[in-house]
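Please look over the structure shown here. The report that follows takes up its sheet, a helix, the domains, the chain contact and some backbone details.

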Amino acid sequence: MLKLPIYLDNNATTPMDPRVLETMTPFFLEHFGNAASRNHPFGWEAEEAVDYAREQVAKLINADPKEIIFTSGATEGDNLAIKGVFEMYASKGNHIITATTEHKAVLDTCKHIEKSGGEVTYLQVKKDGLIDLKELEAAIKPTTILIAIMYANNEIGTVMPIKEISTIARKHGVLLFTDGTQAVGKIPVDVNKDGIDLMAFSAHKMYGPKGVGALYVRRKNPRVKVTAQMDGGGHERGMRSGTLNVPGIVGFGKACELCMLDMEEDTKRISILRDKLETELMKLEEAYINGSTEHRLPHVTNISFKHVEGEGLLMGFNKNIALSSGSACTSASLEPSYVLKALGLGDDLAHSSLRFGLGRFTTEEQIDYTIKAISETVLKLREMSPLWEMYKEGIDLSTIEWAAH
Amino acid sequence: MAYSEKVIDHYQNPKNVGTLDKAKKNVGTGLVGAPECGDVMRLQIEVDDATGMITDAKFKTFGCGSAIASSSLATEWLKGKSVDDALKIDNMDIVEELNLPPVKIHCSVLAEDAIKAAINDYRVKNGLEEIKFEESVVH
């Protein structure tokens, strides 16, 4: 029996794997110690568990355990990396390069940097959501200290050419920070092969608990340092003070281990489901896939259904299917997704988009249900859409003078 | 955001979806909003020339559930009203009836604008003067 509602918003967060929860439970109850307590068994147990988790996390990205700084999540990691490098390398320069399709945690941190006397270049992306490597290299100046480009995009799943980006960064002696939130645990990420200097990621996007994440900080070739953004007991090699979230970290470690074990099989199975969903939905007229289909996460697709508004579309099935849309129809923000707009999509197509994030627990039955529900709703709303009627009558919508609104 | 039951009902069972023949002299058409803003409403009225009563009303809307519900409700209210009474429909009546949250008030404003635009279209077609309305405040 199909159980409703169906969850297809795995880019927002993932359900926890029951195997992860199992490893965490004892660390709430009998092993509750503070990992910084050096003088008794409670502390020793906690420290040992954290060390083990650090190894599990490091292994997933081929890092050294000493290069893992535990944080509260990727937003904190993004802040610590960008602000931390900006402060630590102030004598070298004040220029940072990023892209317009980054997550708000990166973009808003960059805005903060600008207010603090830094200079930021925001690279445009191409139609497929990827940055132009020549433009990146041309943007590097003598004062450039950091390139901050995400590994994979949260809205369209586009995977950036991180290896090529790091080659350019190395050539010019600039550090590379990547927000790996959507990629780590889903596709192979190897900080050494990829040449990454700093990388933020989060447990809850990979079937782990919320409220815990990590910042990878390279220790060799080059040795990277960041200025702490929180003062206190000097935890995490002085880079991130605050009592460690031991149960969360234990769960994070387990989640990483499981991702490593299951990645190949998960990817194979989920990408078949994603492709089925996409192929079937693309049979609808005037449907468009947003972003590169070649360089893309295996579990993500973002599709615009022209002449139907995204929020109205969601309402047709959001009791039964959890999805998100690039449209935000509120008086506070009539602006549709800035990521889709950065691809050069017109506002009409950006308003008409749905984001699908499949996951480890997505089944074929769920995908079949979703295909049917969405296809029916699109057809129903198009019957109700004046734009669809005009389109069908052969009227070029761009020639109409719309009342300013 | 949780929608009110009335919005959900209009969304699931919209009243008076369709198209009237805009070439007819006694049909007034109002097309408001813009695709870039995420909502476009087309509202049409058919008027009995002899009595000045609205005999039929139809809509098509591209937009969120609240926009669809606002226009569906508007067509229900228009039918059987005189053109003069139709002008008295206020967007806040729609907000109240549908329990629209503040972020969705613009949907009701759009519906009111659509009604006015349809009436003006009808008036102009029939040699009457266009009514000048004050600019809507909430946009």
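Which residue of β10(A) is the bridge partner of A:Ala287? The partner is A:Phe305. The model is a predicted one.

**The sheet and its helix**

That bridge belongs to the pairing of β9(A) with β10(A), residues 300-305. The two strands run antiparallel and share 3 bridges. They are part of an open sheet of 4 strands in chain A. The strand order is β9-β10-β13-β12, with antiparallel pairing. Two strands stand at the edges: β9 (287-289) and β12 (324-325) of chain A. Each has a single partner strand, so one side of each is left without a neighbour in the sheet. In general, strands of a sheet pair through backbone hydrogen bonds.

Helix α7 of chain A, residues 246-281, lies across β9, β10 and β13 (353-357) of that chain. Its direction is at about 10 degrees to β10(A).

**Helix α2 of chain A**

Helix α2(A) covers residues 41-60, 20 residues in total. From first C-alpha to last, α2(A) reaches 29 Å. That is close to the 28 Å expected at 1.5 Å a residue. Its buried residues include A:Ala46, A:Ala49, A:Val50 and A:Ala53. A:Arg54 and A:Gln56 are also among the buried residues of α2(A). So what covers them? The cover includes β2 (68-71), β8 (213-217) and α7 of chain A. After the helix comes A:Asn62, with a positive phi near 60 degrees.

**Two domains in chain A**

The domain assignment splits chain A into domain 1 (6-10 + 263-399) and domain 2 (18-259). Their centres, taken over C-alpha atoms, are 30 Å apart. The contact between them takes 20 residues from domain 1 and 21 residues from domain 2. On the domain 1 side, β10 and α9 (338-342) of chain A each give two or more residues. The largest share of that side, 3 residues, comes from α9(A). By class, the domain 1 side has 8 nonpolar, 9 polar and 3 charged residues.

**Where chain A meets chain B**

Between the chains, 25 residues of chain A are in contact with 27 residues of chain B. Three helices of chain A, α8 (310-315), α10 (347-351) and α12 (386-392), each supply at least two residues of the chain A side. That side has 11 nonpolar, 8 polar and 6 charged residues.

**Backbone details**

Chain A has cis peptide bonds at the two places tabulated here.

| Cis peptide bond | Omega | Place of the proline |
|---|---|---|
| A:Leu4 to A:Pro5 | near -5 degrees | segment before β1 (6-7) of chain A |
| A:Asn221 to A:Pro222 | about -5 degrees | loop between β8 and α7 of chain A |

A:Asn221 has a further feature: a positive phi of about 50 degrees, although it is not a glycine. A:Asn221 sits in the loop between β8 and α7 of chain A.

In chain B, B:Asn16 has a positive phi near 60 degrees and is likewise not a glycine. B:Asn16 lies in the loop between α1 (5-12) and β1 (27-34) of chain B.

Are these two residues buried or exposed? A:Asn221 is exposed, because 10 other C-beta atoms lie within 10 Å and the cut-off for exposed is 12 or fewer. B:Asn16 is buried, because 20 other C-beta atoms lie within 10 Å and buried needs 20 or more.

Conventions. Residues are numbered from 1 along each chain as its sequence is written. Chains are lettered from A and ligands numbered from 1 in the order in which they are written. This is a predicted model: local features need pLDDT of at least 70, side-chain atom pairs count only at pLDDT 80 or more; totals for chains, interfaces and linings use all residues. Two strands pair if DSSP finds at least two bridges between them. Two residues are in contact if their C-beta atoms, placed from the backbone, lie within 7 Å. Axes are lines fitted to C-alpha atoms, for helices over the stretch in contact, and angles run from 0 to 180 degrees between N-to-C directions. Ala, Val, Leu, Ile, Met, Phe, Trp, Tyr, Cys and Pro count as nonpolar, Asp, Glu, Lys and Arg as charged, and the others, Gly among them, as polar. The expected span of a helix is 1.5 Å times one less than its number of residues. Domain bounds come from an automatic or database domain assignment.
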